[in-house]
Amino acid sequence: LMVTEETDDWVKVDIEEGFGWVSREFVTVYTEFIRAESKEEEAARLKKGAEESRRARTRAALKTISTVEVTNENEMGITVAEYAVQFIGNPYVWGGTSLTNGVDCSGFTMKIYEAYGVTLPHSSSAQRKQGYAVDGLENAQPGDLICYSGHVAIYIGDGMIVHASNEKDGIKVSKAAYRKILAIRRIF
């Protein structure tokens with residue numbers, strides 16, 4: 001417990017419900033020193049925390065994908081979605097094409113599909129013309145491109161997308177309907 005005040009016979013402690021006094025005969029009062037960490041140790045701790053957070057977000061996204069029933073029609077799209085979510089937490093870089101060092105929205109979808117032998121243009125508006133049209137979000141399947149004005153993402157199921165969002169958030173999962181959808185395109 002945290003000691004906030006002391007007298008000769010009593011100790012005031014901070015507990016969840018508030019403050020209380022305890023007879024000194026029932027407590028041992030000591031000071032705990034927190035060990036300082038070097039800049040290298042701090043950097044390693046922060047990196048480990050960021051990696052654990054990224055893995056947790058990836059696991060949550062994979063759970064979303066795992067709720068989708070696998071059929072012959074969507075098996076490749078599910079594979080694409082599962083590949084895409086492993087990059088959650090990586091940086092956004094305008095014009096970037098590196099899934100690990102930085103990518104923009106169309107660079108993200110381009111590089112994800114490139115891993116499966118599909119060539120997409122590095123332009124969200126040009127990607128809106130690829131594959132074939134899907135009528136409505138209710139008919140979207142994992143792996144479909146969700147196209148917005150000036151943005152593109154990959155559908156992962158359950159109304160969710162994975163996308164290179166912005167410099168602040170990087171690659172992340174969002175609700176597909178977070179903004180107006182202009183087109184849904186199926187590549188496979």
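These are my notebook entries on a predicted model.

**Entry 1: the sheet at the start of the chain**

I began with the strands at the N-terminal end. Three strands form an open sheet in the order 1-2-3, and the pairing is antiparallel. I then asked which strands stand at the edges of this sheet. Strand 1 (2-6) and strand 3 (18-23) do, each with a single partner strand, so one side of each has no neighbour in the sheet. On average, neighbouring strands here are turned by 35 degrees against each other, direction ignored.

I looked up one pairing in more detail. Strand 1 and strand 2 (residues 10-15) are antiparallel and share 4 bridges. In that pairing I found Val3 with Val13 of strand 2 as its bridge partner.

**Entry 2: the largest pocket**

Next I looked up the largest pocket. Its volume is about 310 Å³. The lining includes Leu1, Met2, Val3, Glu6, Val11 and Val13. Also in the lining are Val27, Thr28, Val29, Tyr30, Thr31 and Glu32. Which elements give two or more residues to this lining? They are strand 1 and strand 2. Strand 1 gives the most, with 3 residues. I noted that Val3 and Val13, the bridge partners from my previous entry, both line the pocket.

**Entry 3: helix 1, one residue**

I picked out Thr64, which lies in helix 1 (residues 39-66). Is Thr64 buried or exposed? The relative accessibility of Thr64 is 15%, and the cut-off for buried is under 20%, so Thr64 counts as buried. I then listed what Thr64 touches, leaving out residues up to four places away in sequence. The contacts are Ile156, Gly157, Asp158 and Met160. I checked these numbers against the strands: strand 8 covers residues 151-157, and strand 9 covers residues 160-166. That took me to the next entry.

**Entry 4: strands 8, 9 and 10**

I followed strand 9 and its two partners. Strand 8 pairs with strand 9 in the antiparallel sense, over 3 bridges. Within this pairing, Ile154 stands opposite Val162 of strand 9. The two strands form a hairpin with 2 residues between them. In this hairpin Asp158 takes a positive phi near 55 degrees. Asp158 is also one of the residues that Thr64 touches.

On to the other partner. Strand 9 and strand 10 (residues 170-175) run antiparallel and are joined by 6 bridges. They form a hairpin too, with 3 residues between the strands. Which residue of strand 10 is the bridge partner of Val162? It is Val173. Val162 therefore has a partner in strand 8, Ile154, and one in strand 10, Val173, under the bridge definition used for pairing.

Last, I asked why strand 9 can be called largely enclosed by the rest of the structure. The reason is that 6 of its 7 residues are buried.

**Entry 5: salt bridges around Asp169**

I searched the whole structure for salt bridges and got 6. One of them joins the side chains of Lys168 and Asp169, at 3.7 Å from N to O. Another joins Lys172 to Asp169, where the closest N and O atoms are 3.2 Å apart. Through the shared partner, Lys168, Asp169 and Lys172 make one network.

I also looked up how open these residues are. Lys168 has 76% relative accessibility, so it counts as exposed. Asp169, at 29%, counts as partly exposed. Lys172, at 26%, is likewise classed as partly exposed.

**Entry 6: helix 3**

My final stop was helix 3 (residues 105-114). It holds a salt bridge between Glu114 and Lys111, with the closest N and O atoms 3.2 Å apart. The two residues are 3 residues apart in the helix, about one turn. Glu114 has 45% relative accessibility and counts as partly exposed. Lys111, at 22%, is also partly exposed.

How many of the 10 residues of helix 3 are buried? The count is 8, so the helix is largely enclosed by the rest of the structure. The buried residues are Cys105, Ser106, Gly107, Phe108, Thr109, Met110, Ile112 and Tyr113.

Methods
Residues are numbered from 1 along each chain as its sequence is written. This is a predicted model: local features need pLDDT of at least 70, side-chain atom pairs count only at pLDDT 80 or more; totals for chains, interfaces and linings use all residues. Side-chain values use heavy atoms; hydrogens and water are left out. Buried means under 20% relative accessible area, exposed over 50%, partly exposed in between (1.4 Å probe, protein chains only). Contact means heavy atoms within 4.5 Å. Axes are lines fitted to C-alpha atoms, for helices over the stretch in contact, and angles run from 0 to 180 degrees between N-to-C directions. A salt bridge is a side-chain nitrogen of Lys or Arg within 4 Å of a carboxyl oxygen of Asp or Glu. On a 1 Å grid over the protein atoms alone, a cavity is a set of points where a 1.4 Å probe fits but cannot get out, and a pocket is an open set with protein on both sides within 12 Å along at least five of seven lines; lining residues have an atom within 4 Å of a point. Grid points are joined across faces, edges and corners, and a volume is the space filled by probe spheres set on the points.
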